[in-house]
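Welcome to this tour! Keep your viewer open and follow along, one selection at a time.

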Amino acid sequence: VFWSRPWPREVLSLPIDCDTGLEYKLLVVTVATKETDGFRRFMRSAKHFNYSVKVLGRGEKWSGGDMSAPGGGQKVRLLKQFLGEMSGDERVILFTDSYDALFASGSGELLKKFSQAGHRLLFSSETLLWPHRLLEDKHPHVSQGNRFLSSGGFIGYLPNVKRLLADWSGADSDSDQLYFTKLYINPDKRKSINMTLDSRCRVFQTLHGALDDVVLKFEEGRVRARNVLYDTLPVIVHGNGPTKLQLNYLGNYIPNTWTFETGCTVCGQDLLPLSSLQELPSVLVAIFIQQPTPFVSVFFERLVKLEYPKDRLQLYIHNQEPHHESHVSSFLKEHGDLYQKITSVGPEEELDITVSRNTAIDLCRQNKDCDYFFNLDIEVVLKNKDTLKILIEQNLPIVAPMITRAGRLWSNFWGALSAEGYYARSEDYVDIVQGRRGVWNVPYVSSVYLMRGSLLRSELQDIALYNSQSLDPDMALCDNIRNQGVFMYVTNLQMFGRILSTENIQTQHLHNDLWQIFQNPLDWEERYIHPNYSRILKGQLMETPCPDVYWFPIFSDTACDHLVEEMEHFGKWSGGGNKDNRIQGGYENVPTVDIHMKQVGYEREWHKFLLDYVAPVTEKMYPGYYTQFELAFVVRYKPDEQPSLRPHHDASTFTINLALNHVDIDFQGGGCNFIRYDCAITSPRKGWALMHPGRLTHYHEGLPTTAGVRYIAVTFVDP
C-alpha cells in the first residue's frame, strides 16, 4: 500500500527490497529550530549520500531544555504532530538528531541493516544509562553490545513509529530519553511496538562512553567510522552528551571531507569571492600588547603593508607594556590618519586584559557596519599580506590562519582538549601543522583569528566572550564559543606567518631586538642580515678587491644603524691609549677608540652571529679551516678624535672588518690600505665585510677619516 498522492520532496524512493518485493519509501526527519554549524554539517553529509531531510521546528523557539539535563520533549511533540496524518505500512521513518550527528553511508546500506535487525523499530544504543540509573535492572540483557537505549536516533516503519509516539503527552521540557526508555523496558510495550536496540552499532554509533571503540577507516575516496569492539561500520555517527568535540574531529574526515586520495574536498566550497562585492567588508582589527615583545616596530610595518583598504579598517590597540609606548606612538604618528578610526588604550589606564578584549568585541558587536572582528596579538608575525582577504573569502563564522613557532610544532590552535578542557594533541595535529590537511574544525584558536560581526550580534550577542571563573581569556573565548555550538576553523591552505617567542626578553637596551638571535633567529635574520647574503653561499657577490681579501654583504642597513646607536647609547668609548684593562695584559699595541661587544652584553650574541653567518663564508673561502672567534669590538673614527690607524698587523689569523655606515653620506675619507700589495679599499660599503689575513702578509693601515664619523665592527679570528 502506497500513498495515492505524490510523496513530498523530502521523501526518497529506494530500490525494491529483495526479501519482500516491496519498494521502500524512506523519510529522514530531524528537528532544528535554528541552523547551527552542526546542522549545516549534518545536511552536507545527507546531501552527499542523496538523503532528503524533512526539518521540523524551523523558526520555533526551542523550549526543550539546554540538553545538559533531561529534556527534548519538544522533538517528540513535533514528530508526533508531523506524522499524525501520514499513512502507509511500508514507509520507513528515520528520526535523528542533527546538531551533533552526521551520515557515514547511504540509504541502501541503512535499509539493508535495518531489515537485518529483524524488528520493525530499531533504536540507537549506548553503553551508559541516562537519565535514571535506578532503571538499570529493568533493561533486558543483550548477548553482545550496548544494553541501553539512546533517544538520539531510531528507524522504523511508520505504524510502529506512530505507536511509539502515541502515549506522549508530556511538556516540551520533559525527557524524550526517559519516555522512550520506559517503553523499551516495558516487555509488553516493547513487544507491541516490535522495537529493539542496535546494540552492536551497525546503524547508529553513539560516541559517549565509546570513544576508545571508534576509529577512522579510510576507504578509497571516502572515510567511515569503525567500531573496533564489534567490528561494525555504522551509518550514522552521533556525538551525544559531552562528545561534540570528538564528532567534530570525525567530521573533519567523514564521509569524504578529507581523504588520502582527494585531500580536502570542501575547502573550495561556499567561498565568498571578494571580486563579487562592490565594497570590501569593514573590519575592526584588535591589537593586544600584553608583555615585552620583540620586533614590535616590524609588526606595525607589516600591519601597514597589509593588502586591504585602510579606510575599511578600524583599529583598537591596547598596550599594557610601557616599554612599547614609543613603538605605538610612532605608528600612530606616521600612519594613524590612514585608518577609518583608531582607539588606543595605553598602560597608564591599567585596563584588565579580559575587560579590554571584551571592549574590543563590543566595539564591533554594537556597530552594525562592522562586518568582521580580526584579533591580532602582537607576537604574531603576519607574513602573508593577503591574510585578511583570504580569511574573509573562506566565509566561515570563525577562522584562524595557522601559524607556528619557527622550528617547533607549537601553534595557534589545539587539535583536541583534555577531559579538564586543556590542551591535548589530536592524532592529526602534526599533519595539520605541517600543512597536510586544509580547513579544519578545531576546539581552540588563539593569537590571530577572524570572527563574523553578524555572529557577535546573533548567537554570541549576550555573552562576555572572554569571561571565565577559571580560564584565561583565550581559553574562555573558545569555551564560550563551543558552548553555543559555533565551529572554529584553522586554515593551512597557505603560508601565513609564525609566532614569536616572548621568553627571556631583554628590555634594558636601546635596540633590544639585536639580542633576539637565540630566541627568534628567523626574525632576527630577516631584520638584520643583508638581503643578498644567501647569494654569497651560491658563489655570487663575493669580490676580491685585493689579494686574499674577500668582500661580501652580511649586515642589513638596520643592523648597522642599530649596532652603532647601541654603542653610542652605551657611550663608554675607550680613550684610544695603549693602556687597556679590558684585554689580557692590559696593554694594546695599536689602540683604537672602541667599545667591546662584551661591554654591552653582546659577546654571546655576536659569537652566534659569527658562527651562523660568517663561519660558512670563511669555510667556503678557506676549506678545512674551522674558526674560533675571540675579540670583537666597534671602532669609531673621527677627524678630531682618532681619524686613522697606523700600519700594523692584527692579532689574528684573519680579521673580519664590517663597515657600519656610508662613505660620502656619513663620513668622508676612510678605508683600508694593504701596504704590501699597494691596494687600498677607499669606498667601504655599509653592511659589507672585509675578510683578510691578520698577520705576516697583510700589513695594513686605516686611512684618515676627514669628515663625519666612521664606524666599523672588527672581529679577530684565532688570535
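Leaving aside neighbours within four places in sequence, which residues is Ser446 in contact with? Select Ser446 and take a look: with those neighbours set aside, the contacts are Asn412 and Asp474. You are in a loop here, between strand E26 (444–445) and strand E27 (448–452). Ser446 has 5% relative accessibility, so this residue counts as buried, the cut-off being under 20%. Now add Phe413 to your selection: Ser446 and Phe413 are 33 residues apart along the chain, yet their C-alpha atoms are separated by 6.3 Å.

**Before going further: how confident is the model?**

Remember that you are looking at a predicted model. Colour the chain by pLDDT: the mean is 92, and 96% of the residues reach 70 or more. Then select residues 1–23, where the pLDDT is below 50. Beyond near neighbours in sequence, that stretch has 44 contacts in the model.

**Stop 1: the nonpolar cores**

Phe413 leads us to the next selection. The largest nonpolar core has 53 residues, and Phe413 is among those with the most contacts inside it, along with Phe373, Met451, Leu460, Leu465 and Ile481. Click on Phe373: leaving aside neighbours within four places in sequence, its contacts include Leu284, Ala286, Tyr449, Met451 and Tyr466. Another core, of 46 residues, lies apart from this one; Trp524, Cys560, Trp606 and Met691 are among its members.

**Stop 2: helix H8**

Select residues 296–305 to show helix H8. Which residues of H8 are buried? They are Val296, Val298, Phe299, Phe300, Leu303 and Val304. Show what surrounds them, and you will find that these buried residues pack against strands E15 (283–289), E16 (313–319), E18 (372–377) and E19 (380–382), as well as helices H9 (325–335) and H15 (521–528).

**Stop 3: aromatic rings**

How many aromatic pairs are there? The count comes to 37. Start with Trp258 and Phe260, an edge-to-face pair with 5.0 Å centre to centre and 75° between the planes. The partners differ in accessibility: Trp258, at 6%, counts as buried, whereas Phe260, at 57%, counts as exposed.

Next, select Phe633 and Phe716. Their ring centres are 5.6 Å apart and their planes are at 80°, so this pair is edge-to-face, as planes over 60 degrees apart are. Phe633 lies in strand E33 (residues 629–637) and Phe716 in strand E42 (residues 710–717), so the pair ties together parts that are 83 residues apart in sequence. Phe633 is buried at 7% relative accessible area, and Phe716 counts as buried at 11%.

For a bigger group of rings, select Trp515, Trp524, Tyr528, Tyr533, Phe555, Tyr602, Trp606, Phe609 and Tyr613, which ring pairs link into a cluster.

**Stop 4: charges over rings**

Show Arg357 with Phe288: the charged end of Arg357 sits over the ring, 4.2 Å from its centre. Then try Arg604, which lies over the face of Phe518, at 3.8 Å from the ring centre.

**Last stop: Lys113**

Finish in helix H3 (residues 107–116), where you will find Lys113. Is this lysine buried or exposed? Its relative accessibility is 11%, so Lys113 counts as buried. Its side chain has a polar contact of 2.7 Å with the side chain of Glu109. Not counting residues up to four places away in sequence, Lys113 also touches Arg202, Val203, Arg224, Leu233 and Val235.

Terms used: Residues are numbered from 1 along each chain as its sequence is written. Side-chain values use heavy atoms; hydrogens and water are left out. Helices (H or I, at least four residues) and strands (E, at least two) are DSSP runs, numbered from the N terminus. Buried means under 20% relative accessible area, exposed over 50%, partly exposed in between (1.4 Å probe, protein chains only). A polar contact is a pair of N or O atoms within 3.5 Å; within protein, one must be able to donate a hydrogen and the other to accept it, and residues adjacent in sequence count only if both atoms are side-chain atoms. Contact means heavy atoms within 4.5 Å. Rings of Phe, Tyr and Trp (its six-membered ring) pair if their centres lie within 6.5 Å; planes under 30 degrees apart count as stacked, over 60 as edge-to-face and the rest as tilted. A charge sits over a ring if NZ of Lys or CZ of Arg is within 6 Å of the ring centre and within 35 degrees of the ring normal. A nonpolar core is a set of buried Ala, Val, Leu, Ile, Met, Phe, Trp, Tyr and Cys residues joined through side-chain atoms within 4.5 Å. pLDDT is the predictor's confidence in each residue, from 0 to 100.
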